[in-house]
Amino acid sequence: MTALLSVSDKTNIISFARELIAIGYEIISTGGTLKTLQEEGIEAIEVSSYTQSQEMFGGRVKTLHPRIAGGILYRRQNSEDVKIAKEYGIRDINLVCVNLYPFKQTIQRTDDFEEIIGNIDIGGPTLLRAAAKNFQSVLVVSNPSDYDFIIEALKSHQNTLVLRQKMMIKAYEHTASYDVMIANYMNKTFKEGFGDMHFLAGKLVGKTRYGENPHQKGAYYEWEDFYSKNFKTLKGELSFNNLTDINSAVKIASNFGESKAVCIVKHGNPCGFAISDTLLDSYRQALRCDSISAYGGVVAVNGEVDLALAQEMGKIFFEVLVAPSITKEALEFLMPKKKLKIFLCGERYLKLPKDAKDFKHIEGGFLLQESDEVLSDEVKNAQCMSIKKATNTQMQDLEIAYKIAALVKSNCVVYVKNRAMVAIGMGMTSRVDAAKAAIIKAKEMGIDLQGCVLASEAFFPFKDSIQEAYKAGVSAVIEPGGSVRDEEVIACANENNMALYFSHKRHFLH
């Protein structure tokens, strides 16, 4: 039995090679892998010695040889293939262990294009694809995390077709994701990220019990090992809908840096948000916005959950709590609540990755765009269009309202007072309807909007929205501007002694 070992990531390769030899394998190896094995006293045949062909071009050509490819690819059940293999002295290579040059790590570390090109593996993908293609006879191993599992299978004579099929799939996933990474990098470098082809490759984190509805299957994937490294389950099982709601809640709560922010989300939409001096007070203020919708929702806390906060939260039913940490006492208090799920995300504060690209699925394809974000100085540099200027307190509230509006489904308007969201209208076909719906809800909750501020993610096409805002008690407004009737809107704000700011930047979210 012959095993070919040629790995870039040499994690546990020594112990793996020793176990293979103990089982009865002879090893063929190359370059750095061969040197690593020999330094540890492990006997291995050099590829060039076996092929009788020297490595060429600085190691670029070493395994691309018929005695290597043939030993992997020839069909053991085909008499003509067997005859040719014997005629040319081609070994039966029945285990191939290969992982690829660190292209990802290279592009993260350097902009040196020559070095990046040098870390595009050629022989490795060829070996993996060849071994995977001939999985009927060849076992392919592409990840060091599988070494122990493979050794146990070999020792117990479980090198079955089912096992080889499983490893074949892993090998093709490995080479496919590698090629995706290279193609997307080249498109980013030479075509501003929008090439003739764009590829999405995610690694399975886990399956969900079902998708949005019980009749749909579902699973969640990650781009860059974020969830597997930064997301921890303390209690409960994540559902498909939990993940989308958690994403919305954490995205909003973490968008305010290290502030003591709390965001409550229901069906992907925020129904509560506040920043206060303590997380307990932030939670109380956030809940006040819409305690009815909050029932059964997701709460994202941008800081450690202590016992006092846990006890306050325990007064109503939430489905999910997500925070960077939770005290032992708080966890003990919440654990008996049967339907509550608890997850950790981040370290001292909530954390989500900021993807450079955003895509939306449409039937038959997807739309790709640069991800949207509110720049740190967007509100500070907004242009005052009115006679009256906002106070410092109003400017703080305008920034909170503006950032939330950018993360809420259009058409939307967000009302904030004393750093707490007091009303919100979102996902409406009319901006006036969004404003009216928010005001009606605030009245139902017994919230006084007098003195609050208002943010809209897109311009007001008519002055009627400003008139409605004034009637509700709004003192300051921020919007992008850009309507043909901007002058009417500005005049209306001045007539009602309101501060009006144009950011000159729209933040639609459809």
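Colleague: Is E312 buried or exposed?
Modeller: This is a predicted model, so every value here is computed from it. Buried means under 20% relative accessible area. E312 has 16% relative accessibility, so E312 counts as buried.

Colleague: Which residue meets the side chain of E312 in a salt bridge?
Modeller: Side chains of opposite charge can pair when their charged atoms come close. Here the N to O distance is 3.5 Å. The partner of E312 is R284.

Colleague: How many residues apart are R284 and E312?
Modeller: R284 sits in helix α13, residues 279-289. E312 sits in helix α15, residues 307-313. The pair links distant parts of the chain, and the separation is 28 residues.

Colleague: Is R284 buried, partly exposed or exposed?
Modeller: Partly exposed covers the range between under 20% and over 50% relative accessible area. R284 has a relative accessible area of 40%. So R284 is partly exposed.

Colleague: Which strand holds the lysine that bridges to E319?
Modeller: The side chains of K341 and E319 meet in a salt bridge, 3.6 Å from N to O. E319 lies in the loop between α15 and β13, so the pair ties together parts 22 residues apart in sequence. K341 itself lies in strand β15.

Colleague: Which of K341 and E319 is buried, and which is partly exposed?
Modeller: K341 has 14% relative accessibility, so K341 counts as buried. E319 has a relative accessible area of 26%. That makes E319 partly exposed.

Colleague: Which residues are joined into one network by salt bridges that share partners?
Modeller: Two members are the pair already described, R284 and E312. A further residue belongs to the network with them. The full set is R284, E312 and K315.

Colleague: How many salt bridges does a search of the whole structure find?
Modeller: One of them joins E237 and R209, at 3.7 Å from N to O. E237 lies in the loop between β8 and α12, and R209 in the loop between β6 and β7, so this pair ties together parts 28 residues apart in sequence. The search of the whole structure finds 20.

Colleague: Is R209 buried or exposed?
Modeller: Its partner E237 is partly exposed, at 42% relative accessibility. The cut-off for exposed is over 50%. R209 has a relative accessible area of 65%, so R209 is exposed.

Colleague: Why is strand β9 largely enclosed by the rest of the structure?
Modeller: Strand β9 spans residues 261-266. Count its buried residues: that is why the strand is largely enclosed. The count is five of the six.

Colleague: Which strands pair with β9 in the antiparallel sense?
Modeller: Six bridges join β9 to one strand, where A261 stands opposite I275. Four bridges join β9 to another, where I264 stands opposite V299. These strands are β10 and β11.

Colleague: Which residue in the turn between β9 and β10 has a positive phi?
Modeller: The two strands form a hairpin with two residues between them. Most residues other than glycine have a negative phi. The turn residue with a positive phi, about 50 degrees, is H267.

Colleague: Which strands stand at the edges of the open five-stranded sheet?
Modeller: The order is β3-β2-β1-β4-β5, with parallel pairing. Each edge strand has a single partner, so one side of each is left without a neighbour in the sheet. The edge strands are β3 and β5.

Colleague: Which residue in β2 stands opposite L4?
Modeller: Strand β1 covers residues 2-7, and β2 covers residues 26-29. They run parallel and are joined by four bridges. Opposite L4 stands I28.

Colleague: Which residues does a cis peptide bond join?
Modeller: Most peptide bonds are trans. This one has an omega of about -15 degrees. One of its residues, N411, is found in the loop between α17 and β19. The bond joins S410 and N411.

Colleague: Which residues form a positive surface patch?
Modeller: One of them, K409, lies in the loop between α17 and β19. K409 is partly exposed, with a relative accessible area of 40%. The patch is formed by K251, K354, K360 and K409.

How values were computed
Residues numbered from 1 in each chain as written. Predicted model: local features only at pLDDT ≥ 70, side-chain atom pairs only at ≥ 80, totals over all residues. Heavy atoms only, no water. Buried < 20%, exposed > 50% of the residue type's maximum accessible area, 1.4 Å probe, protein only. Pairing = 2+ DSSP bridges. Patch = residues over 30% accessible without salt bridge, like charges linked within 9 Å, V, L, I, M, F, W, Y side chains within 5 Å. Areas by Shrake-Rupley, 256 points an atom, 1.4 Å probe, with all protein chains shown as cover. Salt bridge = Lys/Arg side-chain N within 4 Å of Asp/Glu carboxyl O. Lys, Arg positive; Asp, Glu negative; His and termini not counted. Charge placed at Lys NZ, Arg CZ, Asp CG, Glu CD.
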